[in-house]
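User: Please take a close look at one pocket of this model. I would like a connected account of what lines it, and of how the parts around it are arranged.

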Amino acid sequence: MNDRKDDSIDFGYQKVARSEKKSLVANVFQSVAAKYDVMNDLMSFGIHRLWKRYTIDCSGVRKGMKVLDIAGGTGDLTAQFSRRVGPEGEVVLADINDAMLKVGRDKLRDRGVVGNVRYVQADAEELPFDDNSFDIITIAFGLRNVTDKDKALRSMLRVLKPGGRLLILEFSKPVSATLNQAYDFYSFNILPKMGQVVANDADSYQYLAESIRMHPDQETLKSMMETAGYEKVDYQNMTGGVVALHRGYKF
Amino acid sequence: MTLLPLLPTVLFEKLANTLLKKDAQSPERLRRLAGKRIRLKLKELPFTTTVSVDDAGIYISTADSDDVDCCISTELGVLPELQDTANLTRLIKADQLDIDGDPMLAQQLVGLFKSLDVDWEGELANTLGDAPAHWLMTLWRKSRSHVEKRLEESKRWFKGVVTDEKQLLPTREEFNEFKDNMQQLRAKVERLQRQFGERKS
Ligand SMILES: C[S@@+](CC[C@H](N)C(=O)[O-])C[C@H]1O[C@@H](n2cnc3c(N)ncnc32)[C@H](O)[C@@H]1O
């Protein structure tokens, strides 16, 4: 797997050495961690809350379940899962970046989300959990930052219980050409400026815009999931395909 | 279309849970229903609504397709009729209602809110301050009693009309008056027509 001919990979629009991407991505999130939540609300006009809520609604979460929120960052999904699985269940908030994890932990503690949440620093490509240990896995706006997406998909499949489901919430390809143009303009002209003003960091938001464009579109991601071994894979477009929610089962 | 129904749903869920929290009896009532799931399919809406209860409150979802304990399929207009259990059989026979699962569940769920005992004035005072809250509540009570009085009046009127069938037919005097009015009207119209004709020529 490691002896690829072309040993470079996209970092936004740039090509970087495969080994380098992880630390570059880490830099991005290290630098945006503190302002991450504010920026999310600003950039998406608050709609990301609805995208996330819809993800929860599609997850089939019940009392007592075990949930992994990988690339969970500041823990928006974790907070909602925690309430729903109750004291008999458990939610693991995992992220590769300890700065994001720390912001998440502080935020959830302040909100009184305690007791059934565990915080783990982990790489989606090599999850440090036993086989068949989660009923639900979510990865929200995380997969596009992962260096080897196929490897991450397989790793998640391994720790999923039979009957469990994976939900991938990620930026995707708008279905209409007009929306696509407007969206391009927004991402490349307005977004980095907002990043500059609010978080004093235009580069990171330029990277976000580029990484969104480089991410596989709806059908490609679907077939990647099927190749990794997920079954009954489907997806739903939201906000005209700006975001898509992919779902697959392990049987 | 996926997100559109979400906003009202989320707001409604928030409101419902806020109300539930205000009644000390709610935890006990919720515990009895905890774990139950009810789905509502309305013919007019392109999505289904699923309510799940747990001991902390209710969750409403428009994207849930997993198993439920009770599924109600009906039309918007039929909803108010469901309050009375006596109607159920008739509605089912008329194909206006279909219940799959435990039919009592829906009533228990509604009961959760019907039996709420909330000190509205106290709640409002907390958010608005005492004076405006008192003023609002007085206004509310006044309009309530006004509306109730009007409702009572119209009920009485309606009862009078339908129970006394003869009332539906006009009396002799009423008919004569109607005839007179008609004749006057006809005369007026003819006069107008004449004037109109003269002006044209
Ligand atoms: C855009 S944030 C999303 C955070 C959160 N899920 C949300 O929706 O608000 C992406 C997160 O992915 C994390 N991440 C990037 N690469 C990762 C990897 N290989 N494994 C785990 N997490 C990773 C980043 O540290 C960052 O916190």
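Analyst: The elements named below are DSSP runs, with helices (H or I) of at least four residues and strands (E) of at least two, numbered from the N terminus. The model is a predicted one.

The pocket chosen here is the second largest, with a volume of about 850 Å³. Its lining has 28 residues, and those closest to the centre are R53(A), Q80(A) and R83(A) together with V10(B) and K14(B). Chain A gives two or more lining residues from each of α2 (36–44), α3 (48–59) and α4 (76–85), and chain B does so from α1 and β3. Of these elements, α1(B) provides the largest share, with eight residues of the lining. By class, 14 residues of this lining are charged, eight are nonpolar and six are polar.

Q80(A), one of the residues closest to the centre of this pocket, belongs to helix α4 of chain A. Is Q80(A) buried or exposed? A residue is buried when its relative accessible area is under 20%, and Q80(A), at 18% relative accessibility, therefore counts as buried. Leaving aside residues up to four places away in sequence, Q80(A) touches R53(A) and I56(A). R53(A) is itself listed among the residues closest to the centre of the second largest pocket.

R53(A) leads on to the contact between the chains. That contact takes 17 residues from chain A and 17 residues from chain B. The area buried between the two chains is about 1400 Å², and carbon and sulfur atoms give 54% of this area. On the chain A side, L50(A), R53(A) and D57(A) supply 38% of the area that this chain buries against chain B, more than any other three residues. R53(A) thus figures in the pocket lining, in the contacts of Q80(A) and in this leading group of three.

The chain B elements of the pocket also point to another space. The largest pocket holds about 1100 Å³. Of its 33 lining residues, L40(B), V51(B), L79(B), L109(B) and V110(B) are the closest to the centre. At least two residues of this lining come from each of α1 (6–21), β1 (37–42), β2 (49–54), β3 (57–61), β5 (97–101) and α4 (104–114) of chain B. Hence α1(B) and β3(B) are named for the largest pocket as well as for the second largest, by the DSSP assignment of elements. The class make-up of the largest pocket is 26 nonpolar, five polar and two charged residues, whereas the second largest pocket has 14 charged residues in its lining.

Two of the strands that line the largest pocket are paired. β1(B) and β2(B) run antiparallel and are joined by four bridges; they form a hairpin with six residues between them. Within this pairing, I38(B) stands opposite V51(B) in β2(B), and V51(B) is one of the residues closest to the centre of the largest pocket. β1(B) also pairs with strand β4 (residues 70–74) of chain B, in the parallel sense and over five bridges. Here I38(B) stands opposite C70(B) in β4(B).

On the chain A side, α4(A) likewise takes part in a further space. The count comes to three cavities of 30 Å³ or more, and the largest has a volume of about 410 Å³. This largest cavity is lined by 30 residues, with A71(A), D95(A), F141(A), G142(A) and N145(A) nearest its centre. The elements α1 (18–32), β3 (66–70) and α4 of chain A each supply at least two residues of the lining, and α1(A) gives the most, with five residues. By class, 14 of the lining residues are nonpolar, eight are polar and eight are charged.

In summary, the second largest pocket is lined by elements of chain A and chain B. Q80(A), close to the centre of that pocket, is buried at 18% relative accessibility. R53(A), which Q80(A) touches, is among the three residues that supply 38% of the area chain A buries against chain B. α1(B) gives eight residues to the lining of the second largest pocket and at least two to that of the largest pocket, while α4(A) supplies at least two to the lining of the largest cavity.

Conventions: Residues numbered from 1 in each chain as written. Chains lettered and ligands numbered in written order. Predicted model: local features only at pLDDT ≥ 70, side-chain atom pairs only at ≥ 80, totals over all residues. Heavy atoms only, no water. 1 Å grid on protein atoms, 1.4 Å probe; cavity = no way out; pocket = protein on both sides within 12 Å on 5 of 7 lines; lining within 4 Å. Points joined across faces, edges and corners; volume = space filled by probe spheres on them. Nonpolar A, V, L, I, M, F, W, Y, C, P; charged D, E, K, R; others polar. Contact = heavy atoms within 4.5 Å. Buried area = accessible area lost by both parts, 1.4 Å probe. Buried < 20%, exposed > 50% of the residue type's maximum accessible area, 1.4 Å probe, protein only. Pairing = 2+ DSSP bridges.
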